[in-house]
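Me: I should like a close look at a single part of this predicted model. Please treat the site where the ligands are held, beginning with whichever residue serves best as an entry point.

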Amino acid sequence: MPREIQRSPTFGLFLGLLITLIAVIAYTGYISVQISGLRKLQSHTAEQYRKDSLQLLRIQDDLNSLGLAMRDMLDNDEPYPLSAWSSQFERVRADLGDALRLEGQSSAVHRTPEQIQFLSNSFAQFWDAVDRTFALARDGNDKEARDQIRVSLQARQASLASAVARQLVENNVGEEQAARQVSQIYDRVQRQVFLFLSAILIAIILTSLYLMRSNRRLFAQLDALSSQRSDLAQKLIATQESTLRYVSRELHDEFGQILTAIGSLLSRSEKHLPENSPLRPDLREVREITQRTLDNVRTLSQALHPVMLDETGFESTLEWYLSAAEKQLGVVVKYEKTGTPFTLDGGAAIHIYRVLQEALNNVARHSGAKEACVRLRYLGDFLELEVEDRGAGLSAQPSKRGIGMVAMRERAEILGGRIEFAQPASGGTLVCLRVPRDIVGTDGK
Ligand SMILES: Nc1ncnc2c1ncn2[C@@H]1O[C@H](COP(=O)(O)OP(=O)(O)OP(=O)(O)O)[C@@H](O)[C@H]1O
Ligand SMILES: [Mg+2]
């Protein structure tokens, strides 16, 4: 039995819980940062690229229609003058202006202001050239205007178209990069989830192992304490029984014999006195007192340890006790005996007798019932003793802590049997002691 007091597992458990909580909080923070990064990447960067590309496609479309218009203007088989194209150019110019403005906004995230400026400058120069060309056409210089288109406008349109195409390609690359970043974040988060789950699992396993270990230790300690307590109780019961038996025997044999001798001496002396001697009444009175003392000594001796148990056996002692208990306790006892009796060992019988005594005392003291049933059953391999009353029944929380029931349990344990305290459906209390014949019977010895 370990002497030192076990350390409480509370600190270890608290530490385990704290580590788990910190890990959960830290991980939640980490995941939030990762997710908000993902959201930014997806909804901001990728979205901006998409919007920018849409505007660039619109610009590309406009440039294409300008290119077609210029080709038609150069074809020279149209019946209209060159200035007739100016309204189509103005429509495209307005649309391009709007597309460029929107493109400038959405490309601000991934393009430098110089890059944005370059595109709008190029367009401004292109429109200057267009204006000059239409001015020539309006002045009737169609040939010069056509030269302008061929030499300047078509080249500018081609260079603008290729700049826009380049930007579209750049956008694609940017979008791919963003997608790669997103998938890298996903990978990182996935790795961290595994790491986190492993760490949490390890913390939980360690805490559980610690809990199991300290529980095992506590239970072992409890078990050792309980058997120690039981050993002590059983030794106390054995010592008490042997002391009571000794005192009872001394009272019965020593004092009983002395008092019996005094009694017979007194009656002999009385006989030797003359009939009218004044000492006679005194001697008779002393003899009667001696007889009463002898009776009291015998009763006390029986009460301390029923000598009858060793002399006349368990059953007659039980019957004698029940009739005495009826008078002393004021409880009517109904006694039933069933089965084929077998002889009980004296050392075992005293424990069964004490259980009966305590159970009947409890009926008288706690149940409030005026009647009790005592049943003795010889069941072949077992002996069963039941004491039942129809009184108040066992309360869940007894007002004071007695040791009667504890001692009954210990005595049952000494006899290798078991005892149950039940509350029958009809009310009251039922004490049932069941002990094996091979321990309590003399034939098993
Ligand atoms: N037959 C019964 N009817 C009602 N209550 C009972 C009965 N037997 C026991 N009890 C309850 O169980 C409690 C414990 O009984 P136990 O015999 O252990 O102690 P006690 O009788 O109070 O004291 P002690 O026996 O040590 O003198 C009692 O206080 C009582 O409340
Ligand atoms: Mg009691």
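Reply: A suitable entry point is Asn 362, which counts as buried because its relative accessibility is 15%, below the cut-off of 20%. Although buried, Asn 362 is one of the protein donors of the magnesium ion, ligand 2. Asn 362 contributes its OD1 atom, and the other protein donor is Glu 358, through OE. These donors lie 2.0 to 2.2 Å from the ion. Both residues belong to helix α8, where they are 4 residues apart, or about one turn of the helix.

The two metal donors also lead to ligand 1. Glu 358 and Asn 362 are among the residues closest to ligand 1, together with His 366, Ile 403 and Met 405. In total, 15 residues surround this ligand. By character, the shell comprises 7 polar, 4 charged and 4 nonpolar residues.

Several side chains approach oxygen atoms of ligand 1. In the case of Glu 358, an N or O atom of the side chain is 2.8 Å from a ligand oxygen. Glu 358 is thus named both as a donor to the magnesium ion and in a pairing with ligand 1. For Arg 365, the corresponding separation between a side-chain N or O atom and an oxygen of ligand 1 is 3.0 Å. His 366 places a polar side-chain atom 2.7 Å from an oxygen atom of the ligand. Taken on its own, ligand 1 has 600 Å² of accessible area, of which the protein covers 86%.

Two elements give two or more residues to the shell around ligand 1: α8, spanning 346-367, and α9, spanning 404-414. The largest share comes from α8, with 5 residues. Helix α8 therefore has two roles in this description, as it carries both Glu 358 and Asn 362 and supplies that largest share of the shell, while Asn 362 itself counts as buried at 15% relative accessibility.

For comparison, a buried residue may be considered in another helix. Glu 103 is placed in helix α2, residues 86-107, and counts as buried, with a relative accessibility of 2%. The side chain of Glu 103 makes a polar contact of 2.8 Å with the side chain of Arg 111. Beyond its neighbours within four places in sequence, Glu 103 is in contact with residues including Asp 52, Gln 55, Leu 119 and Gln 167.

Terms used. Residues numbered from 1 in each chain as written. Chains lettered and ligands numbered in written order. Predicted model: local features only at pLDDT ≥ 70, side-chain atom pairs only at ≥ 80, totals over all residues. Heavy atoms only, no water. Near = heavy atom within 4 Å. Polar contact = N/O pair within 3.5 Å; in protein donor to acceptor, adjacent residues only side chain to side chain. Areas by Shrake-Rupley, 256 points an atom, 1.4 Å probe, with all protein chains shown as cover. Nonpolar A, V, L, I, M, F, W, Y, C, P; charged D, E, K, R; others polar. Donors = N, O, S within 2.8 Å, 3.2 Å for Na, K, Ca; no water. Buried < 20%, exposed > 50% of the residue type's maximum accessible area, 1.4 Å probe, protein only. Contact = heavy atoms within 4.5 Å.
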